[in-house]
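I opened my notebook to get to know a new structure, one element at a time. Come along and look over my shoulder.

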Amino acid sequence: GARVRVHTALSNTGGAGLVLVDDATGAHRVAVVGADGTLDNVITQSRVLQMVAAARELVPRRHDALSAVPGLVTSAADEQRVLRVPRNAPVRVAFERMHKCGVGAVAVVRGGAAGDDETDTHLVGVLSASDVRALNYDLKRIELAAGTCDKLLKFVHSRNAVKRPHQPHLIVLAADSTVDQCIGVLTAHRVHRVFVVDDPRADAPRVTGVVTLTDIVRFLGTTAAAAK
């Protein structure tokens, strides 16, 4: 099967150990199996990041800017990993692009005056594969799957306003934000990615890149391995 390297990298913090997982396969979960072959635990990327956040003082390069860490931010120029769709694009197009590229979310951009400009980079929201799949379980909203990204985005924002009233519509960071700030945002809002933009205070900032949970966990795992 696929190989997964497990590093005991940040440990003995308040008596608790911290295991970092460097998964070259891109899987989001790792099963921990005992000597007798029974399942002991399942480590998710989200759980790893929660443990990292609890031991931030041990995180390497935590005060470095995201842009200063090679390979951490995926540039918006990589259109296979940083997907964009204009707000008036059909939801079907967004889902097809996510599926084709194996990416879990797409940036919804303003799309110019008509809302259909594919080259625009002004971020107005984010749709994840989970948002699209959730429509299968809500028959009253299933028609949104046949509509535009803008309509689905409005529904997602209204739903999140009830479920997560303190969470902003746009969860973004600037390129000069630190690794520590990125970890804080990902864990505080329980999201799997944060888009990097030119001006986080703008209503529709320009997308310049993205940092995912996978990127952070891989960075921590490779940094820990290099320190040995």
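How many bridges join β7 to β8, and do they run parallel or antiparallel? I counted five bridges, and the two strands run antiparallel. A note to myself before going on: this is a predicted model.

**Entry: the pairs around β7.** I looked up one bridge to β8 and found that Val108 has Gly125 as its partner there. Then I turned to β6. This strand pairs with β7 (residues 105–109) in the parallel sense, over three bridges. Here Val108 turned up again, as the bridge partner of Val85.

**Entry: the whole sheet.** I put the strands in order and got β6-β7-β8, an open sheet of three strands with mixed pairing. β6 (84–86) and β8 (123–128) are at the edges with a single partner strand each, so each has one side without a neighbour in the sheet. I also checked the twist: on average, neighbouring strands are turned by 30° against each other, direction ignored.

**Entry: inside β7.** Are the residues of β7 buried or exposed? Five of the five are buried, so the strand is largely enclosed by the rest of the structure. I sorted them by direction. Ala105, Ala107 and Val109 point one way, while Val106 and Val108 point the other way. That fits what I know of strands: in a regular one, side chains alternate between the two faces of the sheet. I then traced the chain from β6 through α2 to β7, and this β-α-β crossover is right-handed.

**Entry: helix α2.** Which residues of α2 (residues 91–101) are buried? I listed Val91, Val93, Ala94 and Met98. Seen down the helix axis, the buried residues of α2 fall within an arc of 165°, so they line one face. I reminded myself that an α-helix has 3.6 residues a turn, so residues three or four places apart point the same way. On the face turned away from the buried side I found His99 and Lys100, both exposed.

What do the buried residues of α2 pack against? My list reads β6, β7, β8, α3 (129–134) and α4. Just after α2 I stopped at Gly102, which takes a positive phi of about 65°.

**Entry: helix α4.** Last, I looked at where α4 (residues 149–163) lies. This helix lies across β6, β7 and β8, and runs at about 80° to β8. So ends today's page.

Technical notes: Residues are numbered from 1 along each chain as its sequence is written. This is a predicted model: local features need pLDDT of at least 70, side-chain atom pairs count only at pLDDT 80 or more; totals for chains, interfaces and linings use all residues. Side-chain values use heavy atoms; hydrogens and water are left out. Two strands pair if DSSP finds at least two bridges between them. Helices (H or I, at least four residues) and strands (E, at least two) are DSSP runs, numbered from the N terminus. Axes are lines fitted to C-alpha atoms, for helices over the stretch in contact, and angles run from 0 to 180 degrees between N-to-C directions. Contact means heavy atoms within 4.5 Å. Buried means under 20% relative accessible area, exposed over 50%, partly exposed in between (1.4 Å probe, protein chains only). The arc is that of the directions from the helix axis to the C-beta atoms. A crossover is right-handed if, with the strands pointing away from the viewer, the path from the first strand over the helix to the second runs clockwise.
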